[in-house]
Amino acid sequence: MDVRKVLVTTDFSDAGNAALRVGHDLAKRYEAHLTLLYVQEGKRSIADGVLPHTSHGKAIDRSTTLQNHLEMVAEQLQAEADEYAVLTDTSPTEGILAFAEAEKIDVIVIAARGHSALERLLIGSVTERVVRHAKCAVLTVKPE
């Protein structure tokens, strides 16, 4: 398997931190590009990234804060990435899948929380849906 691009997704949880550690080790082993991604739920707007206006300014401030937080978490875990990305999408699953496809990611590293079957049935699982629909390899990491 040729691994050139590794994507680690996080929600800033302990499980997400465990995924970052594993993704960082994987990227180092393969000398691959490492991207750390956080997807915030919300409505995408045509104006996002195009037209400056007050509500967009708030979105930029939130994205900048989240990106700074991504960098801080990675630094604390001694697992710095080559790239830090914050997206807004209607769902974390859709954001992760779209980003991975657009960036031609080889491996997605994502936390598996071990929800019960009932919880998955009622609320769904981002990890489960990413595994099911990703066009690349997905490595799930259990919390430490």
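Colleague: Let's start with one residue: does Gln 78, at 66% relative accessibility, count as buried or exposed?
Modeller: Keep in mind that this is a predicted model. Gln 78 sits in the loop between α2 (54-76) and β3. The cut-off for the upper class is over 50%, and because Gln 78 has 66% relative accessibility, it counts as exposed.

Colleague: Gln 78 is not a glycine, so what value does its phi take?
Modeller: The residue belongs to the loop that links α2 to β3. Its phi is positive, in a residue other than glycine, and lies near 55°.

Colleague: Which loop holds Lys 104, and is the residue buried or exposed?
Modeller: Lys 104 also has a positive phi, of about 55°, although it is not a glycine. Its place is the loop between α3 and β4. With 63% relative accessibility, Lys 104 counts as exposed.

Colleague: Let me step back to the whole chain. What pattern does it follow along the sequence?
Modeller: The chain has five helices and five strands. Read along the sequence, these elements give the pattern β-α-β-α-β-α-β-α-α-β.

Colleague: In what order do the strands stand in the sheet?
Modeller: Five strands form an open sheet, and their pairing is parallel. β3 (83-89) and β5 (137-141) each have a single partner strand, so they stand at the edges with one side left without a neighbour in the sheet. Neighbouring strands are turned by 25° against each other on average, direction ignored. Across the sheet, the order is β3-β2-β1-β4-β5.

Colleague: How many bridges join β1 to β2?
Modeller: Strand β1 covers residues 5-9, and four of its five residues are buried. It runs parallel to β2 (residues 33-41). Leu 7, for instance, has Thr 35 as its bridge partner in β2. The number of bridges between β1 and β2 is five.

Colleague: And what is the hand of the crossover from β1 to β2?
Modeller: The chain leaves β1, passes through helix α1 (residues 14-30) and arrives at β2. This β-α-β crossover is right-handed.

Colleague: Which residue of β4 stands opposite Val 8?
Modeller: β1 also pairs with strand β4 (residues 107-111). The two run parallel, joined by three bridges. Opposite Val 8, in β4, stands Val 109.

Colleague: At about what angle does α1 run to β4?
Modeller: Helix α1 lies across β1, β2, β4 and β5. Relative to β4, α1 runs at about 155°.

Colleague: Which strands does helix α3 touch?
Modeller: Helix α3 covers residues 92-102 and packs on the sheet. Its direction makes about 150° with that of β2. The strands it touches are β1, β2, β3 and β4.

Colleague: How far does α1 reach from its first C-alpha to its last?
Modeller: α1 has 17 residues, and at 1.5 Å a residue 24 Å would be expected. Its buried residues include Gly 16, Leu 20, Gly 23 and Ala 27. The helix is followed by Glu 31, whose phi is positive, near 55°. The reach is close to the expected one, at 25 Å.

Colleague: What distance separates the C-alpha atoms of Ala 15 and Ala 111?
Modeller: Ala 15 lies in helix α1, and it is buried because its relative accessible area is 6%, where the cut-off is under 20%. Leaving aside residues up to four places away in sequence, it touches Ala 111 and Pro 143. Ala 15 and Ala 111 are 96 residues apart along the chain, yet their C-alpha atoms are separated by 5.4 Å.

Colleague: Which residues does Ser 91 touch, not counting those up to four places away in sequence?
Modeller: Ser 91 lies in the loop between β3 and α3. At 17% relative accessibility, it counts as buried. Outside that sequence range, its contacts are Val 39 and Glu 41.

Colleague: Finally, what share of the chain counts as buried?
Modeller: The chain exposes about 8,700 Å², of which carbon and sulfur atoms supply 51%. Of its contacts with a separation of 6 or more, 77% come from residues 24 or more positions apart. Among the 144 residues of the chain, the buried share is 42%.

Definitions and conventions
Residues numbered from 1 in each chain as written. Predicted model: local features only at pLDDT ≥ 70, side-chain atom pairs only at ≥ 80, totals over all residues. Heavy atoms only, no water. Buried < 20%, exposed > 50% of the residue type's maximum accessible area, 1.4 Å probe, protein only. Pairing = 2+ DSSP bridges. Right-handed = clockwise from strand over helix to strand, strands pointing away. Axes fitted to C-alpha atoms, helices over the stretch in contact; angles between N-to-C directions. Contact = heavy atoms within 4.5 Å. Areas by Shrake-Rupley, 256 points an atom, 1.4 Å probe, with all protein chains shown as cover. Expected span 1.5 Å × (residues − 1).
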